[in-house]
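Trainee: I'm new to this structure and would like some help finding my way around. Please give me the overall picture, then a close look at one part.

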Amino acid sequence: MGVHKRFLFAAGGLLAISAGMLAHVRLVNPSNGNALFWNSPGNISIVINSDGSDNVPDESDTVAVRMAIDSWNQVTGSTSLLVEDTDPAEQARTDWEANNIHLVWFDELNASGYFGGGGIVAVTPISFQSGGSIVDADVIYNGNEWNFTTSGVINRFDIQDVGAHELGHLLGLNHSGVASSTMYPFVDPTVILHRSLSSDDEKGLVHTSPQGGLSSFGRINGTVERLSDSSAVRGAYVVARDADGRTAGSVLTNNSGNFTLQGLDPGTYTVYAAPLDTPVSVANLGSGYNVETDFQPAIYGTQAVITGNENVGLGTLQVGADVVLNVGDQFDTYPFRVIAGQVNSLTIRGAALQAGSTLTVSDPDFGVSAVSMNNNFVTFLLSVPMGEDPGHVDVTVTNLGGDMSILPAAMEVTAPTPTVASINPTEGSSFGGTPLTITGSDFSAGSRVILGEEFYTDGIDANVVDANTITLTTRSTAAGTYDVVVMDASGIEDRLTAAFTAAPLPSISTVFPVAGAAAGGTPVTLTGENFQAGIEVRVDGITQPGVTVVDSTELTFPTTGGPVNPGSVIEVENPDTGLAMAAFAYVAQADPMATA
């Protein structure tokens, strides 16, 4: 097998973080270029450390990580599957360096030694054999230097957003030059849209472990060379976008200037090549990769049409000499959210953005107006029609001399922000089984509902009835009062604070006496926990009148009597349907009576 090596992949804040190859090319061993892979991708064990984040007082940090796991598990066309191990003994471990545990852990005291400054928010150390087989991988959040949140607390990083990125590394993906992708190498406290995967992320996972092999998907191949001398362009960033102008996938050219875009669904694609100069630049690549950026972007004049699993050759794309013009900067907080049905005001940084230059976006349905070029930035209004499909859209700037700069997937199209107005009922059993109706506005297909330590997904265990209604049936949830959160497929959310109470289940500790006269009238005292006002008491299914709830631990009632039955039971049921039972018997003889 050979000695394994540990390689580090990190999601940085506003600083460039080194990494290996980009896009939906797999992570590679920097020593020999072998792609990294899991021997059993369909069963990758994940353990979420039970301590969680010091910044999150409830269990929502665990829920956020689980939702990040679920986002990758929902990718179609891939055999990769992250399987959570919830064994309490495993969840208590912090020995992330051990090869027999793949841990998600908040390192609050820099015990890992990775967090000594430098803007790193989280890391994914990966240990692998020289041939590329992954031995171990773990996700470590930098709780020593940064704060985290699950509820949008300002100046804190979103746990799900960061977790989705790091889990992409764990699965074998590297940073992407697609600005809106989850694998984009920069993170910002104001951004949560990396919670949702881009098409480029999904194609990347398919590339690492395709269902049925890559030959079952469409491919596009070609070569990028210089117009001046026909020499190959190494490390050119090649991007495919679909007929709707949405960014679909990307790849880097090899040392011969050749590329193959893989894992593509049927459709018509426009393909272009651009230099990795900014916002993702050569500085974001690890050692051992030859990436050239001294050329101008160019677009193939012929589109690629994929109908099945064919390999479409586009031939050679010639690119001109490098230009100063550039749109996009690492200090922009990508992706820019643009909302369907609204006019969105945007500012993008860049260089040599001269007056008279034109700005276009890859979706022809969008309206661009009020463009103002100011050398180092451009402002404009973007009108997005109502009902536009979600996805990621490129921005292109062309100056008066015909020079061009393309920013892949600068914007993410989302639906309007959902609004949670009310829920019914507001209380249910912690045991689960409570039908819940959520009302509000702008609910959309694919939404999730987060309630306590559980989340529910439209089409699986929840139902988006219409834009104003979501229904679900609760699962077992720890007793407590929780926010009700509706999160759409892009990661945008709204919440109703302290809106639902999971009431604790009643329990019976003692019954006195344990038998009563069949004629009835026996005074019975029950002790236990979580007795609620309005609790119903039944003996052999017969409701007992006259129940007095002394407090949450004691109640009394006189029996109504019934048939002699040594196998009788007492049932207590709270108004929220929580149920407990204990033994009781009716006997023929009368109750004893003390007279003095």
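How much area does the chain expose, and what share of it do carbon and sulfur atoms supply? After that, please take me to helix α4: which of its residues are buried, and which elements do they pack against?

Mentor: Happy to. Bear in mind that this is a predicted model, where local features need pLDDT of at least 70 and side-chain atom pairs count only at pLDDT 80 or more, while totals for chains, interfaces and linings use all residues. Residues are numbered from 1 along each chain as its sequence is written, and side-chain values use heavy atoms, with hydrogens and water left out.

Your area question comes first. About 23100 Å² of the chain is exposed, and carbon and sulfur atoms supply 52% of that. Accessible areas here come from the Shrake-Rupley method with a 1.4 Å probe, and for residues only the protein chains shown count as cover. The C-alpha atoms fill a box of roughly 115 × 60 × 45 Å along the principal axes. Of the 596 residues in the chain, 54% are buried (under 20% relative accessible area; exposed is over 50%, and partly exposed lies in between, with a 1.4 Å probe and protein chains only).

The chain has four helices and 44 strands, taken as DSSP runs numbered from the N terminus (H or I and at least four residues for helices, E and at least two for strands). Take the contacts, meaning heavy atoms within 4.5 Å, between residues at least 6 apart in sequence: 67% of them join residues at least 24 apart. On the charge side there are 19 positive and 63 negative side chains, and the centres of the two sets lie 8 Å apart. Lys and Arg count as positive, Asp and Glu as negative, and His and the chain ends aren't counted; each charge is placed at NZ of Lys, CZ of Arg, CG of Asp or CD of Glu.

Now to α4, residues 199–208. Nine of its 10 residues are buried, so the helix is largely enclosed by the rest of the structure. The buried ones are S199, D200, D201, K203, G204, L205, V206, H207 and T208. They pack against two helices, α1 (60–73) and α3 (159–171), and three strands, β11 (237–241), β12 (247–252) and β13 (258–264).

Let's follow one of those partners, α3, to its residue I159. At 0% relative accessibility, I159 counts as buried. Leaving out residues up to four places away in sequence, I159 touches S53, V56, D61, A64, V65, F106, Y141, F148, T149 and T150. One of these, D61, is 98 residues away along the chain, yet the two C-alpha atoms are separated by 6.7 Å.

I159 also leads us to N147: the two are 12 residues apart in sequence and 9.6 Å apart in space, C-alpha to C-alpha. N147 belongs to the loop between β7 (139–142) and β8. With 38% relative accessibility, N147 counts as partly exposed. Beyond its neighbours within four places in sequence, N147 is in contact with N55, R156 and F157.

Another partner of α4, helix α1, takes us to the second largest pocket, whose volume is about 420 Å³. A pocket is an open set of points on a 1 Å grid over the protein atoms alone, where a 1.4 Å probe fits, with protein on both sides within 12 Å along at least five of seven lines; lining residues have an atom within 4 Å of a point. Points are joined across faces, edges and corners, and the volume is the space filled by probe spheres set on them. The pocket is lined by 29 residues, and D58, S60, T150, S151 and R495 are closest to its centre. Two or more lining residues come from each of α1, β8 (148–149), β29 (448–451), β33 (480–487) and β34 (493–503). β33 gives the largest share, five residues.

Two side stops before you go. A cis peptide bond joins T278 and P279, with omega about 5°, and P279 sits in the loop between β14 (267–274) and β15 (298–299). The bond from F512 to P513 is cis as well, with omega near -10°.
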